[in-house]
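Hi,

Here is the structure I promised to pass on to you. Have a look at it first, and then read on for my notes.

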Amino acid sequence: MKETTTAPGWLLVQRVAAIAILLGLWSLLIASGTMPSMLPGVIQIFSGIGEALTSSIFWAALSRTLLTALAGWAIASIIGVLFGLIIGSIKFLDRSTSILIDFGRSFPVLALMPVVIMLLGSNARMEIVVVSLSCLWPVLVQTIYGARRQEAAVADTVAVFKIPALLRFRRVLLPSALPFVATGVRISASIALLVAVGVEVISQAPGIGRQITLMQQAQRWDLAFAYLIFTGLVGWCLAVALQQVENRLLIWKRQEND
Amino acid sequence: MTMQLQADAQPEAGTQLMKVRGMSMSYGFGASENKILEDLNLDVASGEFISIVGPSGVGKTTLLRCLSGLLRPKAGTIEVSGTVISGPHPDLAVVFQDYSRSLMPWMTTRDNVAFPLQGKGMGKVERNRVADENLAAVGLEGQGDKFPWEMSGGMQQRVAIARALAYNAKVLLMDEPFASVDAQTRFDLEDLVIKLKQELGVTILLVTHDIDEALYLADKVVVIAEKPATVVDEIITGFGEDRDQLATKADPRFADARARIMHRLRKD
Ligand SMILES: Nc1ncnc2c1ncn2[C@@H]1O[C@H](COP(=O)(O)OP(=O)(O)OP(=O)(O)O)[C@@H](O)[C@H]1O
Ligand SMILES: [Mg+2]
């Protein structure tokens with residue numbers, strides 16, 4: 001990967017400037033009066049975020065949403081990695097399941113929601129199921145890619161030294177697929193939060209999504225936007241944290257590519 | 001010391017370790033069948049250093065993969081320690097032509113060397129000790145915490161050799177192990193392998209296209225040629241234990257053997 005030659009200080013200035021310009025444009029747009037009047041201005045949103053940060057209802061809703069998203073994501077990751085490694089490393093399984101998997105990944109899981117709600121009700125369990133189903137495919141597909149790309153020399157080594165299957169799975173297959181697995185896991189982390197909020201908006205299961213709807217219904221547009229933006233921020237922090245973990249785990253990969 | 005441990009574990013010199021009879025190998029079937037090896041016979045006795053020399057593309061890697069049990073020959077038998085093998089055998093360890101790729105970049109060199117021992121069920125403390133001893137034996141003392149990609153090609157090759165040694169096999173199979181390092185490193189590694197063979201008593205079967213290397217290292221040179229390939233000549237080098245990059249290669253017997261092999265290879 002090529003690093004940019006820009007000094008880190010300068011880069012920060014550029015990024016802050018980009019955000020400032022965006023906020024400025026937003027303010028201009030509001031001031032110009034072309035947008036519907038309910039759209040809150042920058043200052044209102046910031047004060048809304050301030051209000052949210054001191055509201056226990058907001059924190060309860062946010063942690064609830066984060067927990068369900070996390071649970072669904074974790075379940076999907078474990079199942080996706082396990083099955084992905086098995087499918088990707090066994091040629092005949094890989095070939096025979098490829099149509100099923102291509103179909104599954106393009107299946108609109110959100111459209112299944114009415115059925116899932118009917119079966120499980122508007123609760124956290126239902127939400128976890130929908131989140132897992134949505135997160136499963138990126139992890140599964142990426143892991144299969146990773147497991148397919150086994151170095152021939154590594155496979156020969158494993159065979160010559162008669163490495164037992166379980167040990168091979170844990171210390172050869174998993175690490176060699178890890179660069180791909182990590183991408184899938186990272187993608188599905190953002191999907192998890194997105195879907196969790198979406199499910200709450202649609203099904204009115206308790207959580208931040210439901211709070212956003214309630215605020216809209218109460219005409220508190222500033223708060224609705226504040227919740228929305230703050231949730232986005234949390235999602236972004238998660239993505240950054242995951243990227244850090246990934247970078248640490250995959251030092252060998254970057255070194256090798258140099 | 002490892003040296004002592006290993007030497008004790010090896011069978012008495014001269015015991016027959018491998019016996020290859022009528023081995024043939026081809027890729028593909030029917031009309032597109034590509035015959036690579038035909039009716040190959042080979043005997044390997046304990047404590048021997050055998051070089052198999054043949055031109056590029058003759059089927060050396062194919063031969064070594066068959067001997068190591070990675071490929072099933074189309075005909076013939078391979079016996080290791082008295083039993084016919086049908087797959088990799090614990091008495092055989094391999095140092096691959098593509099050594100840098102055969103080391104796992106996500107493991108430290110110590111873990112790379114210890115990994116096959118973990119596969120044998122050896123405990124962590126024990127296998128790390130054996131790994132460190134074998135790393136020391138190949139001149140990588142105290143480098144166990146480094147990753148393969150932090151090392152030069154020559155050092156990576158030493159790690160691959162240490163891994164094969166630690167496995168405590170009776171026969172080391174090596175596929176052009178020094179083909180992709182510079183000349184000086186190559187001489188160092190050749191001398192290292194000779195030293196290991198003498199001190200540890202391991203039996204080595206090395207495949208190369210380099211006639212000088214084959215002669216310098218081996219007690220017996222087996223020449224393979226033709227298509228499909230078969231054994232066309234066998235030469236006992238008779239240089240004894242003491243080898244020196246300058247003196248041995250200046251020996252008149254070296255020049256004679258060299259001329260004989262070149263002649264054999266040119267004729268085909
Ligand atoms: N997996 C395979 N499938 C089909 N043909 C193969 C395969 N591997 C090797 N061959 C063919 O077999 C022949 C011998 O190959 P091999 O790699 O054994 O030769 P080699 O003597 O090791 O060559 P080199 O000196 O390049 O290492 C070549 O013609 C090659 O094209
Ligand atoms: Mg070869």
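A good place to start is Ile161(B): leaving aside residues up to four places away in sequence, Ile161(B) touches Val95(B), Val138(B), Met174(B), Phe178(B), Leu192(B), Val193(B) and Leu196(B). Please keep in mind that this is a predicted model.

Ile161(B) is also among the residues with the most contacts inside the largest nonpolar core, along with Ile52(B), Leu67(B), Ile78(B), Leu205(B) and Ile261(B). That core has 100 residues, and helix H6 of chain B (residues 153-166) supplies its largest share, seven residues. There is a second core, separate from this one, with 26 residues, including Leu85(A), Val181(A), Ala192(A) and Val195(A).

Now for the part you may want to open in your viewer, ligand 1. The residues around ligand 1 include Tyr27(B), Ile36(B), Gln97(B) and the run Ser56(B), Gly57(B), Val58(B), Gly59(B), Lys60(B), Thr61(B) and Thr62(B). Helix H2 of chain B (residues 60-67) gives the most to this shell, with three residues. Sorted by class, the shell has six polar, three nonpolar and two charged residues.

Which side chains place a polar atom by an oxygen atom of ligand 1?

- Thr62(B), with a polar side-chain atom 2.5 Å from a ligand oxygen
- Ser56(B), where the distance from a side-chain N or O atom to a ligand oxygen is 3.1 Å
- Glu176(B), where the corresponding distance is 3.4 Å

As for cover, ligand 1 on its own has 630 Å² of accessible area, and the protein covers 56% of it.

Happy browsing, and all the best!

Note on methods:
Residues numbered from 1 in each chain as written. Chains lettered and ligands numbered in written order. Predicted model: local features only at pLDDT ≥ 70, side-chain atom pairs only at ≥ 80, totals over all residues. Heavy atoms only, no water. Core = buried A, V, L, I, M, F, W, Y, C linked by side-chain atoms within 4.5 Å. Buried < 20%, exposed > 50% of the residue type's maximum accessible area, 1.4 Å probe, protein only. Helix = DSSP H or I, 4+ residues; strand = E, 2+ residues; numbered from the N terminus. Contact = heavy atoms within 4.5 Å. Near = heavy atom within 4 Å. Polar contact = N/O pair within 3.5 Å; in protein donor to acceptor, adjacent residues only side chain to side chain. Areas by Shrake-Rupley, 256 points an atom, 1.4 Å probe, with all protein chains shown as cover. Nonpolar A, V, L, I, M, F, W, Y, C, P; charged D, E, K, R; others polar.
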